[in-house]
Amino acid sequence: MAEVRLEGVTKMYGEQKVVNGFELSVAEGEFIVLLGPSGCGKSTTLRMVAGLESVSSGKVVIGDTDVTQTSPATRNVGMVFQNYALFPHMTAFENLAFGLRARRLPKAQVNERVAEVARMLELESVLRVRPKNLSGGQRQRVALGRALIRKPAVFLMDEPLSNLDANLRDRVRMELASLHRRLAITTLYVTHDQGEAMTLADRVVVMNAGAIHQVGTPAEIYEEPADTFVAHFIGSPGMNLWKFDINAGARGVVDSLDVMVDPGLWPESSRTGTEREIVVGVRPEHLELAEFVEVPGVRAAMEVELVERFGSHQLVHGKLVGVGHPIIARMPAEVEVEVGTLQVVAADVRRVHLFSGSSGERLGGKIAMDATESKIYGSVDEPWGGR
Amino acid sequence: MSLSLRSRGTNVEDKVQPVRRSWWRPSQFSEAISAYALLSPALVVFFLFFFVPTGFLIYISFFHWGILSSATQFVGLKNFRTLFSQPLFLRSIETSAYYTIVMIPATVMLALAVAMLLREVVTARRGGVWRAAVFLPHVTPVVATSIIWVWIFNPQFGLANAVLTFLHLPALNWLESVHWALPAVMIDTLWHSLGLYVIVFLAGLANIPRELLEVASLEGASRRHVFRRIILPLLSPTTFFVVILATVNSWQAFSQIYTMTGGPHGGAGGPAFSTTTDSLLTYQTAFIYDHFSLAAAMALILFLIILALTLIQKWVSNRLVFYR
């Protein structure tokens with residue numbers, strides 16, 4: 001177990017910067033998930049920690065040692081690859097024993113360690129079987145075992161569940177969580193699946209285009225997304241984001257949604273008149289038909305274009321009346337909504353997020369609402385209760 | 001309880017028809033005709049230039065047959081008996097076997113070594129240039145390169161002896177020596193054919209997933225360990241292919257021997273028949289000594305030898321080669 005620090009780590013391929021000034025400190029035993037879309041640099045970052053990619057600038061520190069220039073073998077890290085990377089010509093036993101044999105451990109010790117790991121991962125019955133005759137879950141466990149058998153200080157996993165079918169993925173995900181609880185090895189886990197990130201991580205690092213957008217607990221990432229990218233990327237479907245012009249007036253009234261925002265909340269640029277837009281965000285699961293919302297909230301009229309029924313719930317797709325912005329609402333299955341109808345949806349004001357129209361960054365403070373005027377306000381100083 | 005499926009008032013069961021699989025249904029028949037029509041140019045060429053000559057060769061190996069005489073006489077196994085009673089034929093088999101036995105390991109080891117070197121040392125930007133440089137000799141005509149090698153092996157002013165002299169080693173008579181003529185041919189052949197095998201090995205190496213080598217480096221495996229435990233086993237299908245190819249090419253080696261040891265003006269296979277391989281003797285028997293039936297029998301024996309070796313290698317490969 002060791003602490004991991006990435007200090008201003010940058011990776012260039014020619015002129016292209018694929019990871020840009022990555023700063024992260026991972027505590028001993030912490031489970032960190034690097035989450036982002038394909039090509040965002042998360043796997044490259046992981047590979048730089050492993051030593052499989054060189055670092056263009058910055059430092060990788062494991063424990064107290066700067067390992068930036070050292071070989072992968074000396075970093076004491078174990079890694080599980082997306083396709084498991086099992087040696088196809090070796091049995092499960094030989095795969096598990098590979099690292100120990102390469103380091104010339106005595107045979108008795110190799111056998112003992114393999115038996116121990118096989119017992120822990122329930123692989124005892126398949127030790128003499130080659131990978132092609134193993135099931136997906138068994139392959140996955142052999143790959144895990146091979147990475148764990150040397151008792152590495154840091155455990156790296158690069159989308160280890162992506163080759164499994166949906167049911168097996170859920171099961172293995174739970175097994176991974178339980179394994180981490182038992183072993184408490186510092187873990188960096190790469191995925192583009194937010195479900196994995198939210199359920200496994202102590203902290204999630206949301207990345208895009210080689211840069212970190214937000215680092216936080218799964219709850220923080222979900223409840224208080226740092227910007228519009230995180231807001232839209234986290235959640236299935238992602239947050240509804242509507243950009244509006246700010247009308248003249250002290251409070252900065254937003255068209256159509258009947259939303260008002262305290263000018264104190266704006267970045268400097270908006271107050272001087274250069275920024276004229278705001279992004280209002282509401283998660284689909286926080287929108288309900290207005291008739292069911294009892295607390296003060298934001299209301300919007302939508303024209304229903306498509307209803308996707310999933311049995312447990314339904315996704316209602318449509319457009320905001322007047323402005324035409326797309327809107328998705330996740331509603332209980334029993335609510336009857338027909339395509340082509342107009343519906344008024346509403347969300348509890350505490351579930352409404354505001355972002356800068358120019359930078360996409362979250363606007364600080366809480367959002368409040370003037371119940372008497374049915375307007376929404378954002379306030380830096382007054383958390384709730386209106387003005 | 002029976003369940004009737006209905007859709008818009010029509011019983012679905014009524015509409016389900018068993019699928020007909022008869023190939024002579026009009027659509028499938030015309031498909032088959034089209035397929036054979038498209039294949040026919042290749043099939044005709046293959047039939048005329050492969051099956052007909054092979055069949056004719058087998059046929060005349062059991063006859064007394066001359067290219068200018070219309071008369072043919074069935075002689076049974078006499079041609080084969082004659083061959084096995086001729087010391088020159090037996091020696092040619094021995095020479096071919098010696099040539100093959102040396103060439104196979106030399107080819108495989110050298111080609112693999114060059115491929116590993118190209119893969120590891122050469123940068124991606126210049127990789128194409130180096131690969132082209134290694135492959136270039138293979139696309140140059142054998143006869144042309146063999147003539148150059150004749151100059152290189154010239155005892156008086158050849159480069160080979162210049163190198164030996166530079167290294168303080170005794171000069172050799174090369175193509176004029178009973179002991180060194182065949183090794184000289186082997187060196188030429190190795191140089192000429194290496195590019196092909198290197199490219200095949202490079203393709204095999206490129207097929208080994210990068211992650212496997214990365215796992216090995218993470219697990220602390222030495223380069224030797226990686227080569228022995230990962231690269232060699234995963235490369236075994238490629239190695240097997242190269243061995244088969246090298247075996248066939250070695251047993252059939254002709255042009256370089258013909259050019260380097262005598263050429264059209266006589267004496268090919270010398271000195272003292274030391275470079276007379278089975279395929280060279282077959283040519284000489286047919287076109288110099290005009291014994292077509294004997295030459296056909298020799299070719300048939302050569303074919304059977306190569307077939308037997310290939311089958312043995314296949315049998316061995318089942319135990320040694322790992323297919324993913």
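**Exercise 1. Composition of chain B**

Task: Determine how many helices and strands chain B contains, and state what percentage of its residues is buried.

Solution. Chain B holds 14 helices and four strands. The model is a predicted one. Of the 324 residues in chain B, 40% are buried. Turning to contacts in chain B with a separation of 6 or more, residues 24 or more positions apart account for 67% of them.

**Exercise 2. Three residues of chain B**

Task: Assign B:Ser279, B:Trp130 and B:Asp290 to an accessibility class, and locate each residue in the chain.

Solution. Step one concerns B:Ser279, which is found in helix α13 of chain B. Its relative accessibility is 11%, and under 20% means buried, so B:Ser279 counts as buried. Leaving aside residues up to four places away in sequence, B:Ser279 touches B:Trp251, B:Gln252, B:Ala253, B:Phe254 and B:Leu302.

Step two concerns B:Trp130, located in helix α5 (residues 124-139) of chain B. With a relative accessibility of 46%, B:Trp130 counts as partly exposed. The C-alpha atoms of B:Trp130 and B:His179 are separated by 34 Å, the two residues being 49 apart along the chain.

Step three concerns B:Asp290, in the loop between α13 (278-288) and α14 (292-320) of chain B. At 43% relative accessibility, B:Asp290 is classed as partly exposed.

**Exercise 3. Backbone exceptions**

Task: State what is notable in the phi of B:Asp290 and of A:Tyr84, and which peptide bond involving A:Pro237 is cis.

Solution. The point of reference is that most residues other than glycine have a negative phi, and most peptide bonds are trans. B:Asp290 is not a glycine, yet its phi is positive, at about 60°. A:Tyr84 likewise has a positive phi, near 75°, and is a residue other than glycine. A:Tyr84 lies in the loop between β6 (77-80) and α2 (92-102) of chain A. A:Tyr84 is buried, with a relative accessible area of 5%.

The peptide bond between A:Ser236 and A:Pro237 is cis, with omega about -5°. A:Pro237 belongs to the loop between α8 (228-233) and β11 of chain A.

**Exercise 4. Packing of two helices in chain A**

Task: Describe how helix α4 and helix α5 of chain A pack, and classify the residues of their contact.

Solution. Two packed helices are described by the angle between their axes and the distance between the axes. Helix α4 (residues 136-148) and helix α5 (residues 166-183) of chain A pack at about 20°, their axes lying 11 Å apart. Since angles under 35 degrees count as roughly parallel, α4(A) is roughly parallel to α5(A). The crossing of α4(A) past α5(A) is right-handed.

On the α4(A) side, the contact involves A:Gly136, A:Gly137, A:Gln140, A:Arg141, A:Leu144 and A:Leu148. These meet A:Leu168, A:Arg171, A:Val172, A:Glu175, A:Leu176, A:Leu179 and A:Leu183 in α5(A). Sorted by class, the contact of α4(A) with α5(A) comprises seven nonpolar, three polar and three charged residues.

**Exercise 5. A three-strand sheet and a hairpin in chain A**

Task: Give the strand order of the open sheet that contains β11, β14 and β20 of chain A, and describe the pairing of β1 with β2 of chain A.

Solution. The open sheet has the order β11-β14-β20 in chain A, and its pairing is antiparallel. β11 (240-245) and β20 (352-356) of chain A each have a single partner strand, so they stand at the edges, and one side of each lacks a neighbour in the sheet. Direction ignored, neighbouring strands of this sheet are turned by 25° against each other on average. Six bridges connect β11(A) with strand β14 (residues 277-282) of chain A in the antiparallel sense. In this pairing, A:Leu241 stands opposite A:Gly281 in β14(A).

Strand β1 (residues 4-13) and strand β2 (residues 16-26) of chain A run antiparallel and are joined by seven bridges. A:Val9 has A:Phe22 as its bridge partner in β2(A). β1(A) and β2(A) form a hairpin with two residues between them, and A:Gly14 in the turn has a positive phi of about 65°.

**Exercise 6. The surroundings of A:Val206**

Task: Decide whether A:Val206 is buried or exposed, and identify the residues that it touches.

Solution. A:Val206 is placed in strand β9 (residues 203-208) of chain A. Its relative accessibility is 0%, so A:Val206 counts as buried. Not counting residues up to four places away in sequence, A:Val206 touches A:Leu35, A:Ala211, A:Ile212, A:His213, A:Gln214, A:Ile221, A:Phe229, A:Val230, A:Phe233 and A:Ile234. A separation of 34 Å lies between the C-alpha atoms of A:Val206 and A:Ala118, which are 88 residues apart along the chain.

How values were computed:
Residues numbered from 1 in each chain as written. Chains lettered and ligands numbered in written order. Predicted model: local features only at pLDDT ≥ 70, side-chain atom pairs only at ≥ 80, totals over all residues. Heavy atoms only, no water. Axes fitted to C-alpha atoms, helices over the stretch in contact; angles between N-to-C directions. Parallel < 35°, antiparallel > 145°, perpendicular 65-115°, else oblique. Left-handed = near helix turned anticlockwise from the far one by under 90°. Contact = heavy atoms within 4.5 Å. Nonpolar A, V, L, I, M, F, W, Y, C, P; charged D, E, K, R; others polar. Buried < 20%, exposed > 50% of the residue type's maximum accessible area, 1.4 Å probe, protein only. Pairing = 2+ DSSP bridges.
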